[in-house]
Amino acid sequence: MKDHSVKLSLLNTLSDGVFHSGESLGQQLGITRAAISKHIQGIQEWGVDIFRVQGKGYQLAQPFIMLSHDLIQSQVSNPVELHPIIDSTNQFLLDRTETLASGTVCVAEYQSQGRGRRGRQWVSPFGTNLYFSIFWRLEAGMAAAMGLSLVVGVAIAEAIESLGIEGVKLKWPNDLYHNDKKLAGILVEMSGQAGGAANLVIGMGMNLAMQDKKGTIDQPWTSLAEVIGNDQLDRNQLVVSFIKTLDKALKNYEVHGMQDFVTRWNRLDNFLDRPIRLIMGNNEVTGIERGIDSHGGVLLETNEGLKSFIGGEISLRRND
Ligand code: ATP
Ligand code: BTN
């Protein structure tokens, strides 16, 4: 694995938001100014905006507090791995399901290959968002996994609500929305079965203070900072709160399944009673969305009556 320690120490120093000269940074790390300039370029490639002003040095455009392993680990009982730079937190856990304890969490500051469903890219710049995954050995096996991905979405949306933030909604099967824009995505993946149990990895990416200046994201999106009108978010505390939420929701799901869950989902459904399209490969069905059924399928009122649709290949889109 590549050693990113110089870039990470530079970020640590710059995270105070003030100017640091190339010379002082070089002295601190025992490297030349030219080497500093190269590392700064590398950091910019991780999606961090850094100003360079002649005679003053370097400054972060948006100062941030780095995630702290000790701070997070001291507040949760799940084993936590913090890898500032990673390909994908989901992939990290999927590669290690044989050796890790169920409940292990992987958190990152930057993902070089963050992904959504069907191999689509999840834009994951350094330090401004949240990217984390939890490994869960589900004794009930693979068939129970679809319901679980819905349960996780509801649990996170309710956790945000309990922080006093209103208006966060869900898009079937597992995106978080606000004002018709995507705030977060959840990706549930499996690494085969161990006996009857399923090895699941549940990953979430949530935008906190991201600014997608290059316009890479090809659909309307938002961030928690935009939702609350302020970018002073405590990322460490949010990670702690979401780990606790997921752990509780997963344990509860193991015992109660989707019992009482339909009402909780429907209250938060962003497209309830709205016209939508369901895309399934080359096929498309249109109708009015009527929430979900007790198996976790999305209900669509079509010309032929009410129909339920379920499966990982289905994409829901607004149709108004
Ligand atoms: P589906 O309904 O099929 O799941 P989706 O648009 O939610 O469709 P996903 O594969 O779930 O697609 O998520 C990946 C998509 O999310 C990308 O194609 C991009 O449009 C969008 N995206 C990527 N990064 C971000 C981000 N940081 N914030 C918001 N949206 C993003
Ligand atoms: C989606 O909207 O399709 C889901 C996006 C999921 C992104 C998260 S970020 C943490 C975890 N690691 C990944 O590579 N993907 C998920």
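This is a short guided tour of the predicted model above, with suggestions for what to select and what is there.

Before you start, note that residues are numbered from 1 along each chain as its sequence is written, and that chains are lettered from A and ligands numbered from 1 in the order in which they are written. In this predicted model, local features need pLDDT of at least 70, side-chain atom pairs count only at pLDDT 80 or more, and totals for chains, interfaces and linings use all residues, while side-chain values use heavy atoms, with hydrogens and water left out.

**Stop 1: helix α1 and Lys7**

Select residues 5-14, which make up helix α1. Helices here are DSSP runs of H or I with at least four residues, strands are runs of E with at least two, and they are numbered from the N terminus. In α1, Lys7, Leu8, Leu10, Leu11, Thr13 and Leu14 are buried. (Buried means under 20% relative accessible area, exposed over 50%, and partly exposed in between, with a 1.4 Å probe and protein chains only.) Those buried residues pack against α2 (22-29), α3 (33-45), β1 (50-53), β2 (57-60) and β3, where contact means heavy atoms within 4.5 Å.

Now zoom in on Lys7. Which side chain of opposite charge is nearest to Lys7? Glu45, 7.7 Å away, and Lys7 has no salt bridge although it is buried. (Lys and Arg count as positive and Asp and Glu as negative; His and the chain ends are not counted. A salt bridge is a side-chain nitrogen of Lys or Arg within 4 Å of a carboxyl oxygen of Asp or Glu.) Show His39 as well: its side chain makes a polar contact with that of Lys7 at 3.4 Å. (A polar contact is a pair of N or O atoms within 3.5 Å; within protein, one must be able to donate a hydrogen and the other to accept it, and residues adjacent in sequence count only if both atoms are side-chain atoms.) Leaving aside residues up to four places away in sequence, Lys7 touches His39, Gly42, Ile43 and Trp46.

**Stop 2: strands β3 and β4**

Next, select residues 80-86, strand β3, where five of the seven residues are buried. Add residues 105-111, strand β4: the two strands run parallel, joined by six bridges. (Two strands pair if DSSP finds at least two bridges between them.) Look for Leu82, which stands opposite Val107 in β4. With helix α5 (residues 89-94), β3 and β4 make a right-handed β-α-β unit; right-handed means that, with the strands pointing away from the viewer, the path from the first strand over the helix to the second runs clockwise.

**Stop 3: the β6-β7 hairpin**

Select 168-171 and 175-178, strands β6 and β7, which run antiparallel with four bridges between them. Three residues separate the strands of this hairpin, and Val168 stands opposite His178.

**Stop 4: salt bridges**

The whole structure holds 16 salt bridges. Start with Arg264 and Glu158, whose closest N and O atoms are 2.9 Å apart. This pair links distant parts of the chain, helix α9 (residues 261-268) and helix α6 (residues 145-162), 106 residues apart.

Then pick Asp247 and Lys251, paired at 2.7 Å. Both lie in helix α8 (residues 235-256), four residues apart, about one turn of the helix. Is Asp247 buried or exposed? Asp247 is buried, at 12% relative accessible area, whereas Lys251 is partly exposed at 45%.

Finish with a network: salt bridges that share partners join Asp180, Arg274, Arg318 and Asp320.
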